[in-house]
Amino acid sequence: MGLSKTIWTNPTEYLRVQQPENPVLFFAPTVVQAAARRFIDGFPGMVTYAVKSNPTEEVIDNLAAAGVRGYDCASAFEIDLIRRLAPDAAIHYNNPVRARHEIAHAVARGVKSYSVDSKSELAKLIELVPAEGTEISVRFKLPVAGAAYNFGAKFGATEDVAVELLKTVAEAGFIPSLTFHPGTQCTDPHAWESYIREAAEIARKAGVTIARLNVGGGFPNHRLHGVAPQLEETFALIDRVATEAFGADRPLLVCEPGRALCGDAFTLAARVKALRDDTHVFLNDGVYGSLNELPLIGVIDRMDVLAPNGDRRVGEAHPRIVFGPTCDSVDRLPGDIALPADVAEGDFVIVHGMGAYSVVTNSRFNGFGELGLATVLSLRV
Ligand SMILES: *Cc1c(COP(=O)(O)O)cnc(C)c1O
């Protein structure tokens with residue numbers, strides 16, 4: 001997989017000319033840059049990018065060009081990627097569980113910010129990371145709803161543990177901070193409100209003035225018609241609640257969106273391999289490919305169907321069962337998918353808002369997963 005240097009007008013032009021038999025993801029640099037500026041202009045603090053959501057080099061290059069100066073990394077690979085592509089950017093190593101060799105790698109690369117959610121992992125950091133000028137953010141969790149699935153199931157300290165960790169961080173001479181992640185595709189802004197108020201409570205109980213509060217990622221991208229993300233409302237709420245909860249001790253704010261920065265900058269074109277007995281639609285991409293997260297967080301209804309010549313299918317919407325190409329019966333899109341009644345073998349099914357957790361979760365299971373990438377001026381088909 002590598003991004004072709006040719007820049008196409010839009011996906012339709014490429015599909016008409018190239019007639020690709022493999023799935024193709026189209027990337028619009030203008031869209032990722034606009035998303036970055038929307039965050040930088042609107043969010044009341046530092047904007048960092050969660051690299052895991054889409055580590056494609058062109059995405060990082062365009063985010064850096066648009067002014068993103070910080071990156072949330074979870075592995076040695078991601079740290080090295082950012083050091084190479086954005087050498088002066090801040091790296092926040094926010095995977096709360098790390099092997100010792102990974103910590104040593106981060107220290108050697110000058111990483112100055114780490115998150116933690118347990119005593120055992122904090123002891124490792126204290127042993128291996130020089131405290132001077134280094135931030136440790138205690139990651140806490142709350143039983144709040146709002147996101148598409150629950151990240152608290154794996155990471156985050158409960159309030160009592162977070163209070164103890166925060167005290168230890170301050171005593172050990174690190175810069176004390178707090179962090180949380182409300183969970184991905186979080187469409188309820190009040191999730192952030194509960195977490196920010198809880199952060200103030202933890203700081204108060206620990207008797208520690210925190211330097212920064214990282215409000216995580218989880219900001220949604222545009223997956224459903226008529227449900228456009230209300231980012232500015234969420235930014236305003238975060239700003240207001242931070243002041244209310246912390247008063248004079250208000251910390252600097254940081255956010256680490258992944259999906260909301262890269263999600264809408266990519267559009268997928270999958271091809272109809274077969275219409276089995278005119279009922280089941282088989283695509284050349286599925287849940288082992290770039291459509292991996294649909295069963296986890298729900299289907300995207302921002303779809304179009306194009307005939308091989310690029311003409312849009314305009315038949316009445318008709319529910320279909322849609323399968324991916326592999327021999328595993330799990331490889332099916334969730335529920336019924338409304339597709340034009342005249343969808344035909346060889347058509348292109350276009351899925352918008354596909355930039356997050358797609359390129360990077362695509363697998364080669366069963367020999368499929370050869371995914372094309374192309375740059376376009378516009379994603380409009
Ligand atoms: C995955 C992750 C993010 C990014 O989540 P999005 O839903 O893509 O915004 C941010 N912070 C942490 C700690 C994460 O694990």
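Modeller: A helix here is a DSSP run of H or I with at least four residues, numbered from the N terminus. This is a predicted model, where local features need pLDDT of at least 70 and side-chain atom pairs count only at pLDDT 80 or more, while totals for chains, interfaces and linings use all residues. Residues are numbered from 1 along each chain, and side-chain values use heavy atoms, without hydrogens and water.

Colleague: Thanks! Why are helix 6 and helix 7 called roughly parallel?

Modeller: The axes, lines fitted to C-alpha atoms over the stretch in contact, are compared in their N-to-C directions from 0 to 180 degrees. Those of helix 6 (residues 119-128) and helix 7 (residues 159-171) cross at roughly 10° and come within 11 Å. Angles under 35 degrees count as roughly parallel, so that is what this pair is called.

Colleague: Which residues of helix 6 and helix 7 meet?

Modeller: Lys119, Leu122 and Ile126 meet Leu165, Thr168 and Val169, with contact meaning heavy atoms within 4.5 Å.

Colleague: And what makes a polar contact with the ligand?

Modeller: A pair of N or O atoms within 3.5 Å. The side chain of Thr184 has such an atom 2.4 Å from a ligand oxygen, and a backbone N or O atom of Gly218 lies 2.8 Å from a ligand oxygen, so both are polar contacts.

Definitions and conventions: Helix = DSSP H or I, 4+ residues; strand = E, 2+ residues; numbered from the N terminus. Parallel < 35°, antiparallel > 145°, perpendicular 65-115°, else oblique. Polar contact = N/O pair within 3.5 Å; in protein donor to acceptor, adjacent residues only side chain to side chain.
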